[in-house]
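Subject: Structure handover

Hello,

Here is the structure for your files. My notes on it come after.

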Amino acid sequence: SSGINAEYGWDVSNFEQLEPDRPQFYGSKTRKNPITEEEEWYYPFYRMYLKIGFSVMSLLFMVILVVASTIGVIVFRVAFSTTKSLYIVEDTDNNALYTSVISSVLNAVAIMILGFVYEKIAYMLTDWENHRTQTAYDDALIIKLFAFQFVNNYASLAYIAFFKENVSRNGMFGEESWKRYV
C-alpha cells in the first residue's frame with residue numbers, strides 16, 4: 001500500500017512505459033506506435049531472445065568453469081596431501097598446513113579472476129542484446145552479474161557445507177585411505 005502511494009506521489013507509476021530509448025539502442029525495423037501514431041524504430045523480439053539465449057549459455061559455461069575450478073582446488077589439495085612424492089615439506093603436519101594455505105590462495109585467485117573475466121563478458125553481452133531502455137539494460141546486467149557472482153563466491157562454501165563431510169566420512173571416490181586428507 002505504501003509503495004503504491006509513493007509511486008503516485010512521485011509520479012512514476014508508468015515510468016517504464018514512458019522511459020526514453022537508450023542512446024545505444026539501435027532498431028532494425030520501423031513500426032507505427034499505436035499511441036502516438038508516429039513511426040518508431042524497434043528491434044525484433046526473436047533476435048533479442050536469441051541473443052539473450054546465447055547470454056544464458058555463456059553464463060552456464062562460466063558457472064561450469066567455476067565448478068571445475070572448485071573441483072580442481074579440491075583435487076589439488078587431496079593430491080598434495082596423499083602423495084608423499086608431492087609433499088611440499090617432509091613434515092606431515094606442516095605439509096597439511098601448507099597444502100591448506102596454497103589451496104585457499106588458489107581458490108581465492110580463481111574466484112577473483114573468474115569474477116573479473118565474467119564482469120567484462122556480462123557488459124559485452126548486455127550491450128550486444130540491445131535493450132531499448134536503461135531500466136531493461138540495468139535489469140539484464142544485474143541478473144547476469146548476480147547469478148554468476150553468487151555461484152562464483154559460494155561454490156566453495158557449498159562444497160564445505162554439503163559435500164566435505166560426506167567425502168570425509170566415505171573417502172574420495174569411496175577410498176578409505178583418502179578420508180583424512182580432505
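The notes below cover a buried lysine and the aromatic pairs.

This is a predicted model, in which local features need pLDDT of at least 70 and side-chain atom pairs count only at pLDDT 80 or more, while totals for chains, interfaces and linings use all residues. Residues are numbered from 1 along each chain as its sequence is written, and side-chain values use heavy atoms, with hydrogens and water left out.

The structure holds one salt bridge (a side-chain nitrogen of Lys or Arg within 4 Å of a carboxyl oxygen of Asp or Glu). Glu129 and Lys144 form it through their side chains, at 3.0 Å from N to O. Glu129 is in helix α4 (residues 92–129) and Lys144 in helix α5, 15 residues apart; helices are DSSP runs of H or I, at least four residues, numbered from the N terminus. Glu129 is buried at 1% relative accessibility, and Lys144 is buried at 8% (buried means under 20% relative accessible area, exposed over 50%, partly exposed in between, with a 1.4 Å probe and protein chains only).

The structure also holds six aromatic pairs (ring centres of Phe, Tyr and Trp, its six-membered ring, within 6.5 Å; planes under 30 degrees apart are stacked, over 60 edge-to-face, the rest tilted). Phe45 and Tyr49 are stacked, with centres 6.4 Å apart and planes at 25°. Both lie in helix α3 (residues 45–82), and both are exposed. Phe54 and Trp128 are edge-to-face, at 5.5 Å and 75°. Phe54 lies in helix α3 and Trp128 in helix α4, so this pair ties together parts 74 residues apart in sequence.

Regards

Terms used. Helix = DSSP H or I, 4+ residues; strand = E, 2+ residues; numbered from the N terminus.
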